[in-house]
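Grab your viewer and work through the exercises below, one at a time. Try each task before you read its solution.

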Amino acid sequence: MREALRHVLFYESGDLSLAAEHFPAHKARYTEFMNRGVLLALGPFADRRGSMAVFTTHEAAMEFASGNPFVEHGVVSGWEVREWPVVAPD
């Protein structure tokens, strides 16, 4: 088993009617962070009451959220970053 510390960004849904308009910029942002190797996964919850993203560092999670078009334009109403100690198979 291997242990790692991850940083999970939790979003609260805001005005979801704005999501389609701002999705291209949001996708460009998450693609950039995935290409950098600091964003491991993201997506909305099935009940549409928020979403989450998993990062390798706290700094990357904060950078992503602070400049995310979904945050800037109200698709997200609030967010927080929490540490997540992970145990996974090798």
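**Exercise 1: a histidine and its contacts**

Task: find which residues histidine 22 is in contact with, leaving aside its neighbours within four places in sequence.

Solution. Histidine 22 is in contact with Pro69, Phe70 and His73, once neighbours within four places in sequence are left aside; contact here means heavy atoms within 4.5 Å. Next, place the residue: histidine 22 lies in helix H1. Helices (H or I, at least four residues) and strands (E, at least two) are DSSP runs, numbered from the N terminus. Finally, histidine 22 has a relative accessible area of 13%, so it is buried. The cut-offs are under 20% relative accessible area for buried, over 50% for exposed and partly exposed in between, with a 1.4 Å probe and protein chains only.

Some ground rules before you go on: this is a predicted model, where local features need pLDDT of at least 70 and side-chain atom pairs count only at pLDDT 80 or more, while totals for chains, interfaces and linings use all residues. Residues are numbered from 1 along each chain as its sequence is written, and side-chain values use heavy atoms, with hydrogens and water left out.

**Exercise 2: put the sheet together**

Task: work out the order of the four strands in the open sheet.

Solution. Start with the pairs; two strands pair if DSSP finds at least two bridges between them.

- Strand S1 (residues 2-13) and S4 run antiparallel, joined by 12 bridges. Within this pair, glutamate 3 is opposite valine 87, and alanine 4 is opposite valine 86.
- S1 also pairs with S3 in the antiparallel sense, over five bridges. Here phenylalanine 10 has methionine 52 in S3 as its bridge partner.
- S2 and S3 are antiparallel too, with five bridges. Leucine 39 has phenylalanine 55 in S3 as its bridge partner.

Now chain the pairs up and you get S2-S3-S1-S4. Strand S2 (39-44) and strand S4 (76-88) each have a single partner strand, so they stand at the edges and one side of each is left without a neighbour in the sheet. From one strand to the next, the twist averages 15°.

Two extras to look at. S2 and S3 form a hairpin with six residues between them, and arginine 48 in that turn has a positive phi of about 65°. Helix H1 (residues 19-35) lies across S2 and strand S3 (51-55), at about 150° to S2; axes are lines fitted to C-alpha atoms, for helices over the stretch in contact, and angles run from 0 to 180 degrees between N-to-C directions.

**Exercise 3: the core and its rings**

Task: say which elements give two or more residues to the largest nonpolar core.

Solution. Count first: this core has 17 residues, and those with the most contacts inside it are Leu9, Tyr11, Phe33, Leu39, Phe55 and Phe64. A nonpolar core is a set of buried Ala, Val, Leu, Ile, Met, Phe, Trp, Tyr and Cys residues joined through side-chain atoms within 4.5 Å. The elements you want are S1, H1, S3, helix H2 (58-66) and S4. H2 gives the largest share, four residues.

Then check the rings. The structure holds four aromatic pairs. In one of them, phenylalanine 55 and phenylalanine 64 have ring centres 5.4 Å apart and planes at 50°, so the pair is tilted. Rings of Phe, Tyr and Trp (its six-membered ring) pair if their centres lie within 6.5 Å; planes under 30 degrees apart are stacked, over 60 edge-to-face, and the rest tilted. Phenylalanine 55 is buried at 0% relative accessible area, and phenylalanine 64 is buried at 1%. Ring pairs link these two with Phe33 into a cluster.

**Exercise 4: a serine in a strand**

Task: decide whether serine 51 is buried or exposed.

Solution. Locate serine 51 in strand S3. Its relative accessible area is 16%, so serine 51 is buried. Not counting residues up to four places away in sequence, serine 51 touches Leu9, Phe10, Tyr11, Gly43, Pro44 and Phe45. One last distance: serine 51 and serine 13 are 38 residues apart in sequence and 7.6 Å apart in space, C-alpha to C-alpha.
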